[in-house]
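Trainee: Could you take me through one part of this model closely, beginning with a side-chain pairing and then placing that part within the whole chain?

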Amino acid sequence: MGISVRKRTEGGETIPRPSRPQQILLFALLINATGSGLYVASAPVYLTREVGLSDYQAGLGFTIGSGIALALMAHFGYLCDRIGAKRTYVLSCLFYAVAMVAFTTIDDMLGFTVVATATGITSGASAVARPALVRQMSEGHLRWFRTRNRVVNNLGMALGAGGAIAALKVDTSSAFEVIYLANAASFVICAAFVMLATRSAGGVVEARPSSRKWVAVRDRQFIRGTVLNGIIALQYPLLTFAMPLWAIDRIGAPAWVASGYVLLNTVSIVVIQSRLSRGIRSLPLAGRAMRRSGLIFTVNVVLVALSPLLPTALAAAILVLSVLVHSVGEALHAGASQEVYYGMATNESQAEYAGVFWIGQGLALTVGPVLLAYVCLGMGIPGWLMLGAVFLVTGLLSPRILMAGAGRPVETAASVEEPASHTEVTGTRVQAETAPEGMTA
């Protein structure tokens with residue numbers, strides 16, 4: 001039975017309409033992201049208030065756990081290319097659900113570190129499998145499907161953050177347990193719907209064994225892009241870890257402000273992501289977008305740093321403004337980083353490229369919490385300004401770094417343009433090799 005992808009016109013552009021398998025996959029990812037939003041928006045407060053860890057201990061636990069997983073990322077990618085994105089993603093979801101159940105039982109630093117390691121490993125496997133899965137399910141419309149995936153992810157995070165706000169207002173141990181058990185359930189449901197989506201897609205999603213290993217590690221241009229992205233990716237723990245704890249400690253914000261920041265950020269991303277990502281269609285354009293994001297994060301950091309010097313009401317308003325500013329920078333960074341990975345990854349080593357790319361971003365997520373706890377929360381305003389300088393310099397260097405890879409002769413998914421005149425794709429299999437350039441994580 002053939003697979004068809006109808007197109008419609010919106011704002012002068014012809015864009016595809018999701019097929020049934022794509023709709024099922026997007027629904028699965030929405031459920032997953034909703035559970036993750038519950039976790040991300042509440043974990044810092046839970047660890048510091050319920051478990052009794054200090055800011056530094058919470059950051060260190062995340063760092064240790066994620067660091068162990070980070071060392072395995074390239075291996076995860078190679079394994080995923082061997083056994084298939086679907087199988088890797090489903091297994092990672094199921095193991096992550098078990099880890100989330102264990103999260104409700106921690107009561108000290110050691111227990112948290114063990115659980116953080118388990119979640120880090122399963123998240124690492126998921127991180128390399130998801131881009132390959134989305135690429136394989138794109139049905140020849142990779143750039144469009146990557147943006148749709150990103151929007152769905154942020155919508156789910158917003159829904160989860162909203163639920164976390166309600167739980168944090170209750171502020172009991174039982175409320176936190178509900179959060180993490182709901183997150184565990186979301187991963188089980190996600191795994192079930194991913195299997196349904198791939199079954200509906202027929203032979204589209206399958207393992208694509210590659211005899212070549214460490215292709216991405218030897219790709220110097222890709223490594224430069226990975227390092228660049230990793231530095232800018234410090235913006236993620238900045239929003240979810242440092243900013244809410246700074247607001248709580250320095251201006252006396254309520255505990256649910258952590259969830260409020262995530263909710264405001266994700267809603268903003270849902271609104272602006274497609275528009276800001278639309279024009280990022282090459283590495284030079286990705287470099288310019290990365291530069292703009294670096295400048296925006298610099299402004300954001302300065303706003304956060306100066307907020308305690310203002311009256312409480314004005315400081316709270318400035319921090320809300322900083323979240324909105326941060327959201328614009330995040331949308332630009334996301335679009336640019338997706339172009340770096342999907343514009344450079346070879347077809348036969350998709351997941352391996354994803355694994356190496358996540359080493360850069362994973363370092364930011366791993367080192368970020370403990371680094372920000374020491375530099376920003378520990379040193380105060382001087383530390384925030386140092387972080388701003390890092391964003392500024394990295395952003396200014398981005399166009400030159402990414403321009404070096406603009407003429408790469410590697411066979412990538414970006415080398416095949418999406419057919420402009422066809423309104424339907426048919427056949428029992430839609431090959432990932434025919435997908436257009438770019439995609440999202």
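Mentor: In this predicted model, the side chains of Glu139 and Ser19 are joined by a polar contact of 2.6 Å. Glu139 itself sits in the loop that runs between helix H6 (109–136) and helix H7 (142–170). Although it belongs to a loop, Glu139 counts as buried, because its relative accessible area is 3% and the cut-off for that class is under 20%.

A second loop residue offers a useful counterpart: Leu310 lies in the loop between helix H12 (283–306) and helix H13 (312–344), and with a relative accessible area of 32% it is classed as partly exposed. That value is also over the 30% that patch members must exceed, and Leu310 does belong to a nonpolar surface patch, together with Val302, Leu306, Leu309, Leu314 and Leu385. The accessible area of these residues together is about 490 Å².

As for the setting of both loops, the protein contains 15 helices and two strands, and 58% of its 441 residues are buried, Glu139 being one of the buried residues. The accessible surface of the protein comes to about 17,000 Å², with carbon and sulfur atoms holding 65% of that surface. Finally, if one considers the contacts in the protein with a separation of 6 or more, 86% of them are between residues 24 or more positions apart.

Key:
Residues are numbered from 1 along each chain as its sequence is written. This is a predicted model: local features need pLDDT of at least 70, side-chain atom pairs count only at pLDDT 80 or more; totals for chains, interfaces and linings use all residues. Side-chain values use heavy atoms; hydrogens and water are left out. Patches are made of residues with over 30% relative accessible area and no salt bridge: like charges are joined within 9 Å, nonpolar side chains (Val, Leu, Ile, Met, Phe, Trp, Tyr) within 5 Å. Accessible areas come from the Shrake-Rupley method with a 1.4 Å probe; for residues, only the protein chains shown count as cover. A salt bridge is a side-chain nitrogen of Lys or Arg within 4 Å of a carboxyl oxygen of Asp or Glu. Helices (H or I, at least four residues) and strands (E, at least two) are DSSP runs, numbered from the N terminus. Buried means under 20% relative accessible area, exposed over 50%, partly exposed in between (1.4 Å probe, protein chains only). Contact means heavy atoms within 4.5 Å. A polar contact is a pair of N or O atoms within 3.5 Å; within protein, one must be able to donate a hydrogen and the other to accept it, and residues adjacent in sequence count only if both atoms are side-chain atoms.
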